[in-house]
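Okay, thanks for coming, everyone. I'll put the structure up on the screen and then walk you through it, a piece at a time.

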Amino acid sequence: MSVAEEIKRLHELHQAGALSDEEFAAAKARLLNKEESPGASSDFSRLRRARTDRWLGGVCGGLARISGVESWIWRLLFVLFVLTFGFGLAIYILLWIFVPEDELIGN
């Protein structure tokens with residue numbers, strides 16, 4: 001659906017009373033500014049390995065930052081996957097290799 005079609009649909013919802021003036025204005029601004037709606041794809045693109053909250057590669061610290069789940073829970077999940085299914089270590093190593101590290105601020 002194009003931006004024009006989406007704005008037209010928002011206008012129809014606004015005219016029908018489903019959206020207030022403020023909601024219509026905010027939704028239209030998001031469309032025009034091309035802001036990403038919150039979701040897994042945008043969160044995954046923000047995934048970075050943590051420099052401060054790390055034991056090995058910072059993968060669990062980075063996952064904790066974007067998911068809102070404590071890093072110790074991610075560590076526990078990876079250990080459980082290693083012990084039960086055997087592929088937790090492979091996933092961790094792949095994330096360690098392919099996920100970039102946080103950039104240092106001020107350097």
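**A walk around the helices**

I'd like to start with R75, which sits in helix α5, the helix running over residues 71-84. Just so you know what you're looking at, this is a predicted model. So, is R75 buried or exposed? R75 counts as buried, because its relative accessible area is 13%, and the cut-off for buried is under 20%. And what does R75 touch, once you skip residues up to four places away in sequence? The answer is D53, R54, W55 and C60. Hold on to C60, please, as that name comes back in a minute.

Let me zoom out for a moment. The protein chain has six helices and zero strands, so if you read along the sequence you just get α-α-α-α-α-α. There are 107 residues in the protein chain, and buried ones make up 25% of them. As for contacts between residues at least 6 apart in sequence, 40% of those join residues at least 24 apart.

Right, now the beginning of the chain. Helix α1 covers residues 3-16 and helix α2 covers residues 21-33. A quick word on how to talk about this: two packed helices are described by the angle between their axes and by the distance between those axes. For α1 and α2 the angle is about 175°, and the axes are 10 Å apart. That makes the two roughly antiparallel, since the cut-off for that label is over 145 degrees.

Who is doing the touching here? On the α1 side you have V3, E6, I7, L10, H11 and H14, and they meet D21, F24, A27, K28, L31 and L32 of α2. Sort the residues of that contact by class and you get seven nonpolar, two polar and three charged.

Let's stay with H14 from that list. H14 is in α1, and at 18% relative accessible area it is buried. Its side chain makes a polar contact of 3.1 Å with the side chain of D21. If you leave aside neighbours within four places in sequence, H14 is in contact with L19, S20, D21 and F24.

Next stop, helix α4. How many of the nine residues of α4 are buried? Seven are, so α4 is mostly covered. Those buried residues are V59, C60, G61, G62, L63, A64 and I66. And there's C60 again, which R75 touches. Just after α4, G68 takes a positive phi of about 85°.

So what does α4 pack against? One partner is α6: here α4 is residues 59-67, α6 is residues 88-98, the angle is about 80° and the axes are 10 Å apart. These two are therefore roughly perpendicular to each other. From α4, the contact uses V59, C60 and L63, and from α6 it uses Y92, L95 and W96. By class, that contact has six nonpolar residues, with no polar and no charged ones.

That brings us to the rings. How many aromatic pairs does the count come to? Three. In one of them, F81 and F85 have ring centres 5.6 Å apart and planes at 35°, so that pair is tilted. F81 is partly exposed at 31% relative accessibility, while F85 is exposed, with a relative accessible area of 56%.

Then there's Y92 with W96, and that pair is edge-to-face: 5.9 Å from centre to centre, with 75° between the planes. Y92 and W96 are about one helical turn apart, because they are four residues apart in helix α6. Y92 is buried, at 11% relative accessibility, whereas W96 is partly exposed, with a relative accessible area of 35%. Add F78 to the picture, and ring pairs link F78, Y92 and W96 into a cluster.

One last residue, then I'm done. I91 is also in helix α6, and at 33% relative accessibility I91 counts as partly exposed. Now look across to F78, 13 residues away along the chain: the C-alpha atoms of I91 and F78 are separated by 8.5 Å.

If you want to take two pictures home, take the roughly antiparallel α1 and α2, and the roughly perpendicular α4 and α6. Okay, over to you for questions.

Definitions and conventions. Residues numbered from 1 in each chain as written. Predicted model: local features only at pLDDT ≥ 70, side-chain atom pairs only at ≥ 80, totals over all residues. Heavy atoms only, no water. Axes fitted to C-alpha atoms, helices over the stretch in contact; angles between N-to-C directions. Parallel < 35°, antiparallel > 145°, perpendicular 65-115°, else oblique. Contact = heavy atoms within 4.5 Å. Nonpolar A, V, L, I, M, F, W, Y, C, P; charged D, E, K, R; others polar. Phe/Tyr/Trp six-rings, centres within 6.5 Å; stacked < 30°, edge-to-face > 60°. Buried < 20%, exposed > 50% of the residue type's maximum accessible area, 1.4 Å probe, protein only. Polar contact = N/O pair within 3.5 Å; in protein donor to acceptor, adjacent residues only side chain to side chain.
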